[in-house]
Amino acid sequence: MKYQELANDILRHVGGKENIKSLVHCATRLRFKLYDSSKADPEALKANPGIIMVVESGGQFQVVIGNHVHDVWLAVQQLAGREDRAPVADMPEDNDKAGPLARFIDVVSGIFTPFIGAMAACGILKGLLALGLACGLLNEANGTYRILYAAGDALFYFLPMVLGYTAGKKFGGNPFVTLIVGGALVHPMMLEAFQSGAAETFLGIPVVFINYTSSVIPIICSAWFCCWLERQCNKVMPAAVKNFFTPLICVAVTVPLTFLAIGPLATGLGEMLAAGFQWIYHLAPWLAGGLLGAVWQVCVIFGLHWGLVPLMMNNLAVLGHDPMIAIIVPSIFGQVGAALGIFLRARDARLKTLAGSGAIAGVFGITEPIVYGVNLPNRRPFIFGCIGGCVGGIIVAFSQTQVYSMGLASIFSLAQMIPPSGMDATVWGAVIAVIVSFAIAALLTLAAGLPRAAAHGADDKNATLRAEDNDILAPLSGDVIALDAVPDATFASGLIGAGAAIIPSEGRVVAPFHGEVSSLFSTKHAIGLLSRSGIEVLIHVGIDTVKLNGEHFTACVKEGDTVKPGDLLITFDIRAIADAGYDLTTPVLVSNSDSYGGLENTHVGQHIHAGQPFLQVK
């Protein structure tokens, strides 16, 4: 019940429950697949204070919520009447509309997202057990160690079964059939045949037995073939018998084919990928480490990081270790360091709260709140975090640090870097890399990470504000109405900030004070301004005008421009917008109004001219 209002707003602005094709979630994001993405309103969602960011990537409409995403997901599922509905897999005709990279990332994320939390937990447990062995607190013959090791290793040992289930769902087949295929790969009888090395045949055809425990690529390829075969069988099988004959055919054909052809070929491909990565990594480790450390968070923003997950898991399955996870740990702490720098430097209460709480989550590997909510909006801190990640990645590469179990990159990854032989210099190299990346980002952000106005905020006692700097002049000419009379609940509720609205009489928006353009929407219907005293103003021309995609709007400035009262910011065609059926009511909001003592507006019900005194900040 706590998240019903937020869920209702999300549901409304993704185009309603009828527009949802599938809905899953990861650690911080709701991941929608929509039938018609043009019906979604990302700008309205971004305006909700319960939403950190909206990202459209990899064929998904992603709403970044934060650590409580599961609770919001449950509320959305309940409101949409989807509690018992599994995500619908993409049919080939839907995938053809996306590019190859988008399709690949969508498939990978769909397969790995459902168990990413469990995988992180198991990886952390294995890392802590390795730390216990290194410190002499545990030994491998101890019953406590054996039980906990079984708990941590179970998912990885039986990974083909888990991947068989999730891949079956993603490819649109019966997930229990593909789970059975994965189970056959790790069946004790098959493992015994592999260990004995005895020659075996299937219908006279020689079989090469391979240890498929912890493998990734073979079961994904087999699951795809099994789901394809299932669709072909369902086309010709009578309805009365297909419920059991189709699974029978799929299992009886896919399992032998996997042992005879799919498995060996996919295993060979996996070994080639691992060998290729090792060749590149050893050719120029500093370049590989620095590049991956610098761009990892950029990949996360666009969802491209999912393309690297199979390679990480393949390295662990083939080589027994992986350097990529070790390299991205400093990139995590680079963003955490930048957030800490903002926390120490900023005086705005809301910004400090976001930075402080987000930095704590970042330590445990959840960086979306600080990236989307703190570092990226302020631009320079995000860049400084990437610089820290680059330097840290170079140090990790030179140290030849590896991880020995799969998990979410976080502070716990340091324990997962302990080799089976015990603590060595590679682990200390990673520790130094984390400290250096954290320190570089924090110090650079402290020195130059925030504009002076954002750093000092309106509550800085040392800031001397001139009286006129507290005045917000009218940015448009027209009739003034109270904010609660705006025909949009998001604006009228004051969630985005206090203010008033103007029904314009001419299509011109001008600067209401001395300051700079802090943001300009690509659709040109809304603009954010920052006064030289720290007042943040959002001017949103019309209701739902984002759907015009910039038509009938012209921007006369760009982000970062310095403006003075009366400078022309945006022009728009009032008649054309009204004829298109849109309400032109324009909210003018002080988005950081919580930092002040209130707003004074004495013009409600009056006609006002652009440039006249409009709002006064107390």
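**Close-up 1. Strands β12 and β13 pair in this predicted model.** Strand β12 covers residues 526-531 and joins β13 in the antiparallel sense, with five bridges between the two. Look for Leu-529, which faces Val-537 of β13 across the pairing. Four residues lie between the strands of this hairpin, and Gly-534 has a positive phi near 100° there. Strand β13 itself spans residues 536-540 and is mostly covered, with four of its five residues buried.

**Close-up 2. Strand β13 also pairs with β17.** Here the partner is β17, made of residues 586-590, and three bridges hold the antiparallel pair. Val-537 turns up again in this view: its bridge partner in β17 is Val-590. A friendly reminder for following side chains along a strand: in a regular strand they alternate between the two faces of the sheet.

**Close-up 3. The eight-stranded sheet is open.** Reading across it, the order is β15-β11-β12-β13-β17-β9-β8-β19, and the pairing is antiparallel. Why do β15 and β19 each have one side without a neighbour in the sheet? Both β15 (562-563) and β19 (607-608) stand at the edges with a single partner strand, so one side of each stays free of a neighbour in the sheet. Further in, β8 (residues 478-482) runs antiparallel to β9 (residues 498-504), and five bridges join them. To find your place in that pair, start at Asp-479, which stands opposite Ile-503 in β9.

**Close-up 4. The largest nonpolar core contains 65 residues.** Phe-112, Met-119, Leu-163, Phe-259, Met-313 and Met-406 have the most contacts inside this core. At least three of its residues come from domain 2 (103-267), and at least three from domain 3 (284-448). Leu-163 makes a handy landmark: leaving aside residues up to four places away in sequence, Leu-163 touches Ile-111, Phe-112, Phe-115, Gly-168, Ser-215, Val-216 and Ile-219. A second, separate core has 33 residues, including Leu-548, Leu-584, Val-588 and Tyr-596.

**Close-up 5. The chain is assigned four stretches as domains: 3-80, 103-267, 284-448 and 471-617.** These are domain 1, domain 2, domain 3 and domain 4, in that order. How far apart do the C-alpha centres of domain 3 and domain 4 lie? The distance between these two centres is 39 Å.

**Close-up 6. Phe-277 and Tyr-281 form a stacked aromatic pair.** Their ring centres are 5.8 Å apart, with 10° between the planes. Both residues belong to helix α12 (residues 242-283), where being four residues apart separates them by about one helical turn. Are these two rings' residues buried or exposed? Phe-277 counts as buried at 16% relative accessibility, and Tyr-281 is buried too, with a relative accessible area of 1%.

**Close-up 7. Phe-244 and Phe-245 make a tilted aromatic pair.** The centres lie 5.0 Å apart and the planes meet at 40°. Phe-245 counts as partly exposed, because its relative accessibility is 35% and the buried class ends under 20%. The whole structure holds 11 aromatic pairs, and ring pairs also link Phe-209, Tyr-212 and Phe-259 into a cluster.

**Close-up 8. Lys-352 sits over the face of Phe-343.** The distance from Lys-352 to the ring centre is 4.3 Å.

Key. Residues are numbered from 1 along each chain as its sequence is written. This is a predicted model: local features need pLDDT of at least 70, side-chain atom pairs count only at pLDDT 80 or more; totals for chains, interfaces and linings use all residues. Side-chain values use heavy atoms; hydrogens and water are left out. Two strands pair if DSSP finds at least two bridges between them. Buried means under 20% relative accessible area, exposed over 50%, partly exposed in between (1.4 Å probe, protein chains only). A nonpolar core is a set of buried Ala, Val, Leu, Ile, Met, Phe, Trp, Tyr and Cys residues joined through side-chain atoms within 4.5 Å. Domain bounds come from an automatic or database domain assignment. Contact means heavy atoms within 4.5 Å. Rings of Phe, Tyr and Trp (its six-membered ring) pair if their centres lie within 6.5 Å; planes under 30 degrees apart count as stacked, over 60 as edge-to-face and the rest as tilted. A charge sits over a ring if NZ of Lys or CZ of Arg is within 6 Å of the ring centre and within 35 degrees of the ring normal.
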